[in-house]
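Trainee: I should like to learn how the helix packing, sheets and chain contacts of a model are read. May we work through one together?

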Amino acid sequence: MGAGHSHRLYRHGHSPVHELPPHCKLAAVFLFVVVVVSTPREAMWAFALYAVLLALVAGAARIPAGYLLKRLLIEIPFVAFAVLMPFVVPGEQVHVLGLPLSVNGLWGAWNVLAKGTLGVAASVILASTTELRALLLGLQRLKLPPLLVQIASFMIRYGDVITDEMRRMSIARRSRGFEARGVRSWGVLAKSAGALFIRSYERGERVHLAMVSRGYAGSMPVIDEVTATRAQWTRAAALPVAALAVCLLGWTL
Amino acid sequence: MHVPDGFINAPVSAVTGVVAAGAIAVSLRGARRELDEKTAPLAGLVAAFIFAVQMLNFPVAAGTSGHLLGGALAAILVGPYTGVLCVSVVLLMQGILFADGGLTALGVNITDMAITTTVVAYVLFRALVKVLPRTRRSVTAASFVAALVSVPAAALVFTAIYALGGTTDVPIGKVLTAMVGVHILIGIGEAAITALTVGAVIAVRPDLVHGARGLTAPLKLRVGGELVDAPAAAPAAARAGSTRKVWGFGIVTALLLAGFVSFYASASPDGLEKVAHDKGIDTKTTQHASSDSPLADYSVKDVGDARLAGGLAGVIGVGATVAVGSGVFWAVRRRRTNSAPERTPETV
Amino acid sequence: MNVPSLEVSGLAFAYPDGHQALFGVDLTVARGERVALLGPNGAGKTTLVLHLNGILEGGAGSVQVAGLPVAKKNLAEIRRRVGIVFQDPDDQLFMPTVREDVAFGPAASGMRGAELEERVMGALAQVGMAEYADRPPHHLSFGQRRRVAVATVLSMSPEILVLDEPSSNLDPASRRELADVLRGLDVTVLMVTHDLPYALELCGRSVILSDGVIAADGATVDVLSDGALMRAHRLELPFGFDPSSTVAPLGGASA
């Protein structure tokens, strides 16, 4: 999917949610999504409560509803998939406006839509209230392997640089009268992609050189570390704990 | 296709999470062995490249366009380990930064799009390069086939995951036909673009194409007027490298099998699952047994006990993932700190 | 102190592919001096620079930085003493924020806490970028990035600052700002450049590296005024620029 990752979700601001340490937020969002996914799909009211919980968090983070809803659009391909479900799933059927729909398929569509949307909304709130850098520090604090965090951090640092190079190459192509039309233009585009790879790789080597020149010997010095107080953990835990309560009710009712 | 939350049930998501964690751990070691201290900057830049190239649109016809997924390309250009790392990091960042792909589905997405594509493409590519004559054209052809197969292979793995843990029982036959059918089409595009891109790189910097290493003609010695092959350097080291690689893939396969087989075992309709239902929720076996067969979750009529058991199993499964995952990473990190940097020539 | 900041003697080097780039370079740079290293493309300038902190080695001859020979066992200290600013600031600034980037060098040598913070802010203040500490590098202008790149090596308190094409791609204002920064530093500078007026402005002494050897070494104004010498080494002054008529160089701190 996804031509169009260019827009970053982060919204600058000062709110109780913005100020929570990143690893607390990451853990809270992850646990929240786990709880949502583990909720039985028949407990429809539970999903409504989850949505209310997220709306409360979004409110505390001062994220406008319109912004949040617009970001949910990333889900569209799966909406399409979900819409198909009532038509292709066999089994007991109901008739809505004369259309035969599968009961199981309807449940399935509801399940995917509800859980998927809540998952995306939670991720969007996380990404809108946490800076890139802080997210990386949070991942590091959550004991992701340091090498993986470093790779991610280089990717974030150079993502824009490489995308810019790609854009410049595209402008250069168009300036010389090239217009990408149909399969016949693939050769030219692929040559650009190849050139982009070579540039990226060579830049990687130069970056390594610059690192070595400043004393790099295989491990990154830890310059920043994030810490969280018990109070901050408690505040971050509010979301998943509330969700867990809803989930348990959903299982027992 | 980034799978969102709620598409695959919790236990299967957890198992794929373990598989992904294991494969990433193996790849971290492998990449470090190949690139040494250059791993972080080089893999980071290649990840940025994959990220960027996914935005490059290739027009197909009538206003439609496709774009590269990049797994096969990464595998051929930088090798399977670095390739897995790069694509995984791209997926991780897309999940966290752009909410593209669910957080709980990260294991599914990585297993599917990072591991399957890279490993399938690389194994196939190396096999073809071995068989075909040593020319650049063969490399391009091998890239084409490798990329072509890698995309439906990912669709196949996705279907398998869906069969085990899909939250709706769309008939698997239909899913398979649709997924594989569509992805063969996508695969053709992916194959053409990958082959053309590899061809473009190999024309300028053949030394950068990881998968084409060893394609340069072997050094010759002039002995009594005859040209003979120079003895290959350090065959012993090469052997050590490949054993470790076999070991690495072994672990991944074992994990895959362990996950899949256990779920198939619990899938038989009148097996463990029925027992679980009969016995209620107060035994441990129950929690495991009904942990979610492809059938159990969809039978809407018997909610109650079996459902609760399934949910508990889900939670336990996720807990286990976290435990096993961090265990693996901890072990890897410990090993890495006391293993001296070593370089082994690439042989597979 | 009489130990020169940099002493290169008899340095020769060939790349593994057999291409020989340096054929016996001798160069001494006294402490506090600012020297321009001029030469046509392919003269071996980059190769020489990469020898100064031991990234390339294994040829003949020797390099000493403030009396310490460049050798495997000294590499950590050598890389602290020699601060290389590479041509593309995007290569140099690889950390997510300016502050972390400037901290990278000292942190790699084990510095932490308040001392590190002080060092970082000091280096950023020297280049006039202190208020940008928490910005990501790609949000800065090219000129600002170049100055931060200088700060990343200043934070290591280097014995000698080596700049690769410091004025390239800068607009005139940024170029002047960087010159002001460099002039204000109390550190030995070796500046690789094609920008001859910049060399004249900042460096009292210039050396020409050509075909892997030092072909000329003298006061910048004399080197640039020697038409025959310049032509022999493919060096050309900008149109209408006459070094001898320029007001006495401001960078006269040298011998």
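**Reading helices, sheets and a chain contact**

Mentor: Let us begin with a pair of helices. This is a predicted model. In chain A, F47(A), Y50(A), A51(A), L54(A), V57(A) and A58(A) of α3(A) meet A114(A), L118(A), A121(A), A122(A) and I125(A) of α6(A). Sorted by class, this contact of α3(A) with α6(A) holds eleven nonpolar residues, no polar residues and no charged residues.

Trainee: At roughly what angle do the axes of helix α3 and helix α6 of chain A cross, and within what distance do they come?

Mentor: Helix α3 (residues 44-60) and helix α6 (residues 103-129) of chain A have axes that come within 11 Å and cross at roughly 15°. An angle under 35 degrees counts as roughly parallel, so α3(A) is roughly parallel to α6(A). The crossing of α3(A) and α6(A) is left-handed.

Trainee: Is the crossing of α2(B) and α4(B) left-handed or right-handed?

Mentor: α2(B) passes α4(B) in a right-handed crossing. The two helices pack at an angle of about 55°, and their axes are 9 Å apart. α2(B) and α4(B) are therefore oblique to each other.

Trainee: Which residues make the contact of α2(B) with α4(B)?

Mentor: From α2(B) come A43(B), V46(B), A47(B), I50(B) and F51(B). From α4(B) come T82(B), L85(B), C86(B), V87(B), V89(B) and V90(B). By class, ten residues of the contact of α2(B) with α4(B) are nonpolar, one is polar and none is charged.

Trainee: Let us turn to chain A as a whole. How many helices and strands does chain A have?

Mentor: Chain A has ten helices and two strands. Read from the N terminus, the elements of chain A follow the order α-α-α-α-α-β-β-α-α-α-α-α. The radius of gyration of chain A is 23 Å, well over the 18 Å that the globule rule gives for 253 residues, so chain A is more spread out than a compact globule. The C-alpha trace of chain A spans about 65 × 55 × 30 Å along its principal axes.

Trainee: How many residues does the contact between chain B and chain A take from each chain?

Mentor: The size of an interface is often given as the accessible area lost when the parts come together. Here we may count residues instead. The contact takes 77 residues from chain B and 79 residues from chain A. On the side of chain B that touches chain A, the elements giving two or more residues are α1 (10-35), α2 (39-53), β1 (57-59), α4 (80-98), α7 (172-204) and α11 (304-338) of chain B. α2(B) gives the most to that side, with 14 residues. The residues of that side of chain B divide into 51 nonpolar, 17 polar and nine charged.

Trainee: And the sheets of chain C? In what order do the four strands of the open sheet lie?

Mentor: Strands of a sheet pair through backbone hydrogen bonds, either parallel or antiparallel. In chain C, four strands form an open sheet in the order β2-β1-β4-β5, and the pairing is antiparallel. β2 (20-29) and β5 (68-69) of chain C are the edge strands, each pairing on one side only.

Trainee: Which residues stand opposite each other in β1(C) and β4(C)?

Mentor: Strand β1 (residues 6-14) and strand β4 (residues 60-65) of chain C pair in the antiparallel sense over five bridges. V8(C) stands opposite V63(C) in β4(C), and E7(C) stands opposite Q64(C) in β4(C). β4(C) and β5(C) run antiparallel and are joined by two bridges, with L68(C) in β5(C) as the bridge partner of V65(C). The hairpin of β4(C) and β5(C) has two residues between the strands, and A66(C) takes a positive phi near 45° there.

Trainee: In what order do the six strands of the other open sheet of chain C lie?

Mentor: The order is β6-β7-β8-β3-β9-β10, and the pairing is mixed. β6 (82-85) and β10 (213-219) of chain C stand at the edges, each with a single partner strand, so one side of each is left without a neighbour in the sheet. Neighbouring strands of this sheet are turned by 20° against each other on average, direction ignored.

Trainee: Over how many bridges do β9 and β10 of chain C pair?

Mentor: Strand β9 (residues 205-210) of chain C and β10(C) pair in the antiparallel sense over six bridges. S206(C) stands opposite G218(C) in β10(C). Helix α6 (residues 142-154) of chain C packs on the sheet, where it touches β6 and β7 (160-164) of chain C. The direction of this helix makes about 165° with that of β6(C).

Note on methods:
Residues numbered from 1 in each chain as written. Chains lettered and ligands numbered in written order. Predicted model: local features only at pLDDT ≥ 70, side-chain atom pairs only at ≥ 80, totals over all residues. Axes fitted to C-alpha atoms, helices over the stretch in contact; angles between N-to-C directions. Parallel < 35°, antiparallel > 145°, perpendicular 65-115°, else oblique. Left-handed = near helix turned anticlockwise from the far one by under 90°. Contact = placed C-beta atoms within 7 Å. Nonpolar A, V, L, I, M, F, W, Y, C, P; charged D, E, K, R; others polar. Pairing = 2+ DSSP bridges. Rg over C-alpha atoms; globule rule 2.2 N^0.38 Å.
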